[in-house]
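Grab a pencil and open your viewer. Below are a few short exercises, each with a worked solution.

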Amino acid sequence: MKSAERLKNREESKKMKKTVLKIVAAAAAATLAVTGLCGCSRVKKPNEKKTLDLSNMKLVFEDEFEGELDTSVWDTGWDIPQRRGGYWDSAQCFTQDGNLIIRTEYKEDGAYGAGWYSGTCSTRALKEFTYGYFEVRCKAPAAEGLWSAFWMQSQTMSDETEGGKNGAEIDIMESPYYNDPQMPADKYRNTTLHTVHIDGYGDAHKSKTSGEYLVDKDMYNEFNTYGLLWTEDEYVFYINGKETWRTGFGVSQVPEFLWLSVEIAGDTDSANPDNPDNRFTWSGDIRNNPDSSMPADFVVDYVRVYQAV
């Protein structure tokens with residue numbers, strides 16, 4: 001590819017990512033308007049009577065993160081190092097004691113200079129799936145100003161996805177509420193939510209969210225499972241094998257890749273964690289944490305994918 005073409009594509013990629021972050025910030029603000037700012041809680045519990053059934057499915061992919069991280073499956077890179085209020089650096093993703101660790105910490109002498117560092121692992125362009133059941137077993141990082149996530153994304157998602165048919169962003173688990181100043185910790189700390197985004201990240205963007213669900217075990221100190229059953233007709237979400245939310249909104253019909261990440265709140269692609277009044281996305285300010293909470297780790301025991309027999 002010629003230099004001019006590479007530069008053009010790089011600039012278009014940066015523009016799209018900035019638009020993505022603005023939309024996520026707007027979505028978070030909408031959530032706050034419904035919940036935190038009104039002082040009311042909409043936290044729900046998983047349905048004990050509706051449990052996961054995999055009897056007609058088979059395991060087609062599994063990574064238990066024994067040994068070194070498999071780079072033929074997981075890509076730890078990002079197009080630009082800045083990611084919201086910090087940096088995504090491959091060095092922050094590693095295996096330890098049979099787990100994947102995505103570590104968040106402050107570095108004076110980091111690869112991109114002084115700042116907050118975290119990481120991302122995805123199977124983009126390496127391993128993609130259409131339909132099935134997708135599950136992670138993990139512990140979320142226990143700190144203000146950041147959140148871990150297990151999600152899926154399509155390389156074909158654009159402004160013309162025909163209501164999600166040609167790709168969607170599917171957020172299976174996110175953990176932003178450890179100490180969000182506008183979402184009281186006594187109600188929201190041990191909760192997660194599910195969201196579907198469609199039709200790209202421009203003016204045509206649409207999304208639908210489940211609201212918050214209580215995780216029945218300590219999500220920061222104990223392993224919990226978070227899963228998605230994706231069929232041609234709907235998405236069904238689970239926590240510890242119990243159904244939480246199902247929706248026919250924006251059901252993707254194309255291959256999607258797996259994504260594990262930790263975000264640091266801050267201005268778009270600035271690596272600056274300033275977050276006045278929770279303005280830039282959600283979860284508060286990472287600098288409010290006591291020194292003892294750092295480094296903060298997203299600990300992943302396994303990722304599994306099942307598909308119909």
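The exercises start with the whole chain and then move to single residues; keep in mind that this is a predicted model.

**Exercise 1. Work out the overall make-up of the protein chain: how many helices and strands does it have, and what share of its residues is buried?**

Step 1: Count the secondary structure. You should get two helices and 19 strands.

Step 2: Turn to burial. Of the 309 residues in the chain, 53% are buried.

Step 3: Check the surface. The accessible area comes to about 13,500 Å², and carbon and sulfur atoms hold 45% of that.

Step 4: See how far contacts reach along the sequence. Taking contacts between residues at least 6 apart, 73% join residues at least 24 apart.

**Exercise 2. Find the largest nonpolar core and say which strand gives the most to it.**

Step 1: Look for the hubs. The core has 49 residues, and Trp74, Phe134, Leu258, Leu260 and Val303 touch the most other members.

Step 2: Pick the strand. Strand 19, residues 296-308, gives the most, with five residues.

Step 3: Zoom in on one hub. Leaving out residues up to four places away in sequence, Phe134 touches a list of residues including Phe150, Met152, Ile172, Trp230, Leu258 and Val305.

**Exercise 3. Is Gln307 buried, partly exposed or exposed, and what does it touch?**

Step 1: Place the residue. Gln307 is found in strand 19.

Step 2: Apply the cut-offs. Buried means under 20% and exposed means over 50%; Gln307 has 23% relative accessibility, so it counts as partly exposed.

Step 3: List the neighbours. Beyond four places in sequence, Gln307 touches Asn56, Met57, Lys58, Val60, Phe129, Thr130, Tyr131 and Gly132.

Step 4: Compare sequence with space. Gln307 and Phe134 are 173 residues apart in sequence, yet their C-alpha atoms are 8.9 Å apart.

**Exercise 4. Why does Cys93 not form a disulfide with Cys121?**

Step 1: Get the distance. The sulfur of Cys93 has its closest cysteine sulfur in Cys121, 3.7 Å away.

Step 2: Test it. A disulfide needs the two sulfurs within 2.5 Å, so 3.7 Å is too far for a bond. The structure holds zero disulfides.

Step 3: Add the burial. Cys93 is buried at 8% relative accessible area, and Cys138 is buried too, at 1%.

**Exercise 5. Is Lys49 buried or exposed?**

Step 1: Locate Lys49 in strand 1, residues 47-51.

Step 2: Read off the area. At 82% relative accessible area, Lys49 is exposed.

Step 3: Look across to Glu243. The C-alpha atoms of Lys49 and Glu243 are 8.3 Å apart, with the two positions 194 residues apart in sequence numbering.

Terms used
Residues numbered from 1 in each chain as written. Predicted model: local features only at pLDDT ≥ 70, side-chain atom pairs only at ≥ 80, totals over all residues. Heavy atoms only, no water. Core = buried A, V, L, I, M, F, W, Y, C linked by side-chain atoms within 4.5 Å. Buried < 20%, exposed > 50% of the residue type's maximum accessible area, 1.4 Å probe, protein only. Helix = DSSP H or I, 4+ residues; strand = E, 2+ residues; numbered from the N terminus. Contact = heavy atoms within 4.5 Å. Areas by Shrake-Rupley, 256 points an atom, 1.4 Å probe, with all protein chains shown as cover.
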